[in-house]
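Q: Please take a close look at one part of this model, the surfaces through which its chains meet. How is such a surface described?

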Number of protein chains: 6
Amino acid sequence: MKATACRKTHFNAAHRLMNPAWDEKRNAEIFGVCSNPNFHGHNYDLVVKVTGDIDPDTGYVMDMKILKEITDQFVIQKFDHKNLNIEVEEFRLLNPTAENIAIVIWNILREKIDSRFSLSVVLYETERNFVEFSGN
Amino acid sequence: MKATACRKTHFNAAHRLMNPAWDEKRNAEIFGVCSNPNFHGHNYDLVVKVTGDIDPDTGYVMDMKILKEITDQFVIQKFDHKNLNIEVEEFRLLNPTAENIAIVIWNILREKIDSRFSLSVVLYETERNFVEFSGN
Amino acid sequence: MKATACRKTHFNAAHRLMNPAWDEKRNAEIFGVCSNPNFHGHNYDLVVKVTGDIDPDTGYVMDMKILKEITDQFVIQKFDHKNLNIEVEEFRLLNPTAENIAIVIWNILREKIDSRFSLSVVLYETERNFVEFSGN
Amino acid sequence: MKATACRKTHFNAAHRLMNPAWDEKRNAEIFGVCSNPNFHGHNYDLVVKVTGDIDPDTGYVMDMKILKEITDQFVIQKFDHKNLNIEVEEFRLLNPTAENIAIVIWNILREKIDSRFSLSVVLYETERNFVEFSGN
Amino acid sequence: MKATACRKTHFNAAHRLMNPAWDEKRNAEIFGVCSNPNFHGHNYDLVVKVTGDIDPDTGYVMDMKILKEITDQFVIQKFDHKNLNIEVEEFRLLNPTAENIAIVIWNILREKIDSRFSLSVVLYETERNFVEFSGN
Amino acid sequence: MKATACRKTHFNAAHRLMNPAWDEKRNAEIFGVCSNPNFHGHNYDLVVKVTGDIDPDTGYVMDMKILKEITDQFVIQKFDHKNLNIEVEEFRLLNPTAENIAIVIWNILREKIDSRFSLSVVLYETERNFVEFSGN
């Protein structure tokens, strides 16, 4: 009996879109105002979805308190009130688009969550722009 | 031509998390404040999703008024303003976690909705904690 | 590495539900107040979801600005502040249910978005009634 | 001990903006797409706010069930799934802007709610455009 | 230069509506399903609003971290995952309607927040039913 | 007959909290992670509220299209995708707290909106932290 347990959390961060292999002119052409060298920022909402069998003893797919602790410790503390380009090492050479942020978060969580669970994430950059990633 | 028609509704209920096979001490250890013997409660939001062919006469997968009536009659009247542990028979021996509530609701609706439709439910215990179940 | 990029937008429109092959009496029986001959209306929210490989140069599945432009030009300008039954040609003979509106939008976008991307849409008629369509 | 009790409800309606004293050309100039002669529509959200002393017996400013019944009977039944310009008599000669709809609703409710209560309404035409009216 | 700084938080609790001076029959007549003796519950959202001069050194009306700490310590810890009727002493003899909960919270916070600030609270029992209280 | 017309809009920006008269150590003590020298950011939501008589010809307090144009031209273009500390001149010497941002926006709009209207703004830094300012 498989179900999907979902936990929504959030972090606030600065970023700019840029491909480090390109010069500023090309970054500005491709990414427009999103590539402002002085940065802009977002309130990111993150939904972490864990699919697996329901434990008959607890009635949980996974204890949400534990999922919350893992997410807080390894994602939120690393991303919240940070400049993603400067302070989150994964984005030194990787453009912090919503797609790439979602993948970085998924990779972090995938190592911390038991492999018997499927994992997917939804990352809202704004309520109008969001990305889903399931590791495929 | 298959589409999925979705209807969101809600109910307010009290519950406590507990495994009836465990003593209070163990329930408190595993479920923490969620196992308060005096209960706590939630505004649950429920999304019922029905997938099937679109009827060429009506343009509906299923008439939402009928889906609403089925959900109101068999789920909302049974759960709304109730104590799930005490007053909803399915939870006499089953821990009313979001996962188990979603499965109980799915089973109720599965019997009332024609088998030519696929059925899934999303149950929000809070806007931060929610569960998806598709009968698999 | 496939991800799904999602863009939410909205339009306000009038419509009435009716099967043009039926007389008014039968339309009223089947569709009730939704078939009011003088029309009613909605604030529709539309989520367009595009799934594909992430471009390693941009970090995008697809540039959201381009997806927004396509959606604005071919969907929003055609639907916003319009009477769907009278002014959107696809509904001359097709009942503008949420299901059918979702399919019409999907068909419009499918022609404009490169076939290497999968496409799905979610159309909210209200926050309680919504439809998902993926072209299957 | 005065508090304000608030009840949110909704209705879906068609309308067009127009001053009946003006010709179509002038209406189109002033109101743009909002004056489309074929109508468009909205999901209106309405918040009714009642301020008064808290009854020491009930702990209520006013029983919300009664406020809901009054609002349903005199506002929602009159406005929901209707064409405001054609079917709601107050708008035969009055432009159904959000401002005027709010005032019409306020006047209806003011007659039905005991004068010992202050009354105000908030009418959301969309989540981005809304109007507050307190009878002043 | 006065502004109002607002902080939204939440708690989940069980309650039932009842006047302890009435018998069960009268409570059931007046409060209906809300008086279910087995309790029901809600996800309460609380907005605390503090009005005062902006401190020229900090640019704050009041440090939101401090307002959050006060609210967490004196309101959330006292109300969250509790049965309001049984476990929150203020409701031993007071009916836990949204109005009365708002007043109890306001009184708690009024003692902890410097009297140079004006204070008001908004308490959402559901997203459709809410109460505002400013101490008047 | 006075009503209040409200328009919600948004912008995304980077900022850090700091009093330019203080050294980094003191800024870090007072503002914590919000004073990260590399900046963080937010999706700000802004509600502009204009109170005045309803024009009997239009049924408007003020044409929302015009209010939107003023807000877009003088606020959104100046703030959106910007670093508030570096790129918005008003914050060269002023700490960009939500309170101060609200006041700066109010001052900008107050000059552009006819003095026969009252003006207030609500600025959401997150959905949990927001500020109201009415010019008093």
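A: Two chains are in contact where their heavy atoms lie within 4.5 Å of each other. The model is a predicted one, in which local features need pLDDT of at least 70 and side-chain atom pairs count only at pLDDT 80 or more, while totals for chains, interfaces and linings use all residues; side-chain values use heavy atoms, with hydrogens and water left out. Residues are numbered from 1 along each chain as its sequence is written, and chains are lettered from A, with ligands numbered from 1, in the order in which they are written.

Consider chain A and chain F. Chain A contributes 21 residues to their contact, and chain F contributes 21 residues. Of the interface residues of chain A, 100% are also interface residues in chain F, so the copies meet through the same surface. A turn of 180° with a shift of 0.0 Å along the axis lays chain A on chain F with an RMSD of 0.0 Å (a least-squares superposition on the C-alpha atoms of residues with pLDDT of at least 70 in both). This is the relation of a two-fold axis.

Together, chain A and chain F bury about 1700 Å², of which 47% is on carbon and sulfur atoms (buried area is the accessible area, with a 1.4 Å probe, that two parts lose on being put together, summed over both). Asn38(A), Asn43(A) and His81(A) account for 33% of the area that chain A buries against chain F, more than any other three residues. There are zero salt bridges across this interface (a side-chain nitrogen of Lys or Arg within 4 Å of a carboxyl oxygen of Asp or Glu). There are, however, 17 residue pairs in polar contact, both residues being at pLDDT 80 or more (N or O atoms within 3.5 Å, one able to donate a hydrogen and the other to accept it within protein; residues adjacent in sequence count only if both atoms are side-chain atoms).

Chain A has four helices and five strands (DSSP runs numbered from the N terminus: helices H or I of at least four residues, strands E of at least two). On its side touching chain F, at least two residues come from each of β1 (2–15), β2 (40–53), β3 (82–83) and α3 (84–87). That side holds six nonpolar, eleven polar and four charged residues (Ala, Val, Leu, Ile, Met, Phe, Trp, Tyr, Cys and Pro count as nonpolar, Asp, Glu, Lys and Arg as charged, and the others, Gly among them, as polar).

The contact of chain C and chain B takes 18 residues from chain C and 20 residues from chain B. They bury about 1600 Å² between them, with 51% of it on carbon and sulfur atoms. Glu99(C), Phe130(C) and Glu132(C) supply 33% of the area that chain C buries against chain B. One salt bridge is found across this interface: Lys49(B) forms a salt bridge with Glu132(C), the closest N and O atoms being 2.8 Å apart. Strand β5(C) gives the most to the side of chain C that touches chain B, with five residues. Strand β1 of chain B pairs with β5(C) in the antiparallel sense over four bridges (pairing requires at least two DSSP bridges), and Cys6(B) has Phe130(C) as its bridge partner.

Some chains do not meet. Chain B and chain F do not touch, their nearest C-alpha atoms being 13 Å apart, and no contact joins chain C and chain F, whose closest C-alpha atoms lie 14 Å apart.
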